[in-house]
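Please examine the structure shown here, with attention to one residue, one helix and one pocket.

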Amino acid sequence: MLKQLSSAIQQYNYALDRPGAYSKQAAVLMAITNEADPQVVLTLRSSELKRHSGEVSFPGGWWDTTDETLAHTALREAQEEIDLCPSKVELLGNWRSRYARGGVRVQPVIGVIAPDIALTPNPGELDAVFKVPLAFFLQDRRARTDVFTHEGKEHWVPAYEFEGFEIWGFTAGIIIDVLNSTLGAGIVKAHETAPLRHF
């Protein structure tokens, strides 16, 4: 699975957004473990934070003027949040950027890490760091489908529950977009057992 995923991501390899091109700009790292059953690294943001508290997200954060590129932003933030050394990440490519809540333009960067690498959550920012097998998302065991409208267009994203963590919104949307585009996962809006939640 990882070989096919890596090859497809490298073929897409969207151009990085230019640092400073948007008034609110951030980057996240979608780190995937290099193993037969690859897993994606996710974090649980601290319940004490003012923004997106208690939500599951990728490691990442705001672009800083000292960052040469948004890939540097993603790697720097991952090191600050989960103690992931940038030299331990094999970058595969960039995914298409999109807006998150609050009008923040977010650049996803995708990389591969060793499955046994130690990851430690920064207690000032995170309550937990954990991994989810990509196979879990490919099985599409969603809890519900969230539907919302932005600038007159309807959008949808599945929401998942994994070992007590709720994975939804921007983070789930990126994961599903990557899996649909690279592995032909075929995850669509309609789902026989999952209810719709409209925003």
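The report below treats these three topics in turn.

## Basis of the model

The model is predicted, with local features requiring pLDDT of at least 70 and side-chain atom pairs counted only at pLDDT 80 or more, whereas totals for chains, interfaces and linings use all residues. Residues are numbered from 1 along each chain as its sequence is written, and side-chain values use heavy atoms, without hydrogens and water.

## Residue R105

R105 lies in strand β7 (residues 104-113); strands are DSSP runs of E of at least two residues, and helices runs of H or I of at least four, numbered from the N terminus. With a relative accessible area of 16%, R105 is buried (under 20% relative accessible area, 1.4 Å probe, protein chains only).

Contact means heavy atoms within 4.5 Å. Leaving aside residues up to four places away in sequence, R105 touches D17, Y22, K24, Q25, A26, S97, R98 and Y99.

## Helix α4

Helix α4 covers residues 169-183, and its end C-alpha atoms are 21 Å apart, in agreement with the 21 Å expected for 15 residues at 1.5 Å a residue (1.5 Å times one less than the number of residues). Of these 15 residues, 12 are buried, including G169, I174 and L183. G184, with a positive phi near 60°, follows α4.

Key:
Buried < 20%, exposed > 50% of the residue type's maximum accessible area, 1.4 Å probe, protein only.
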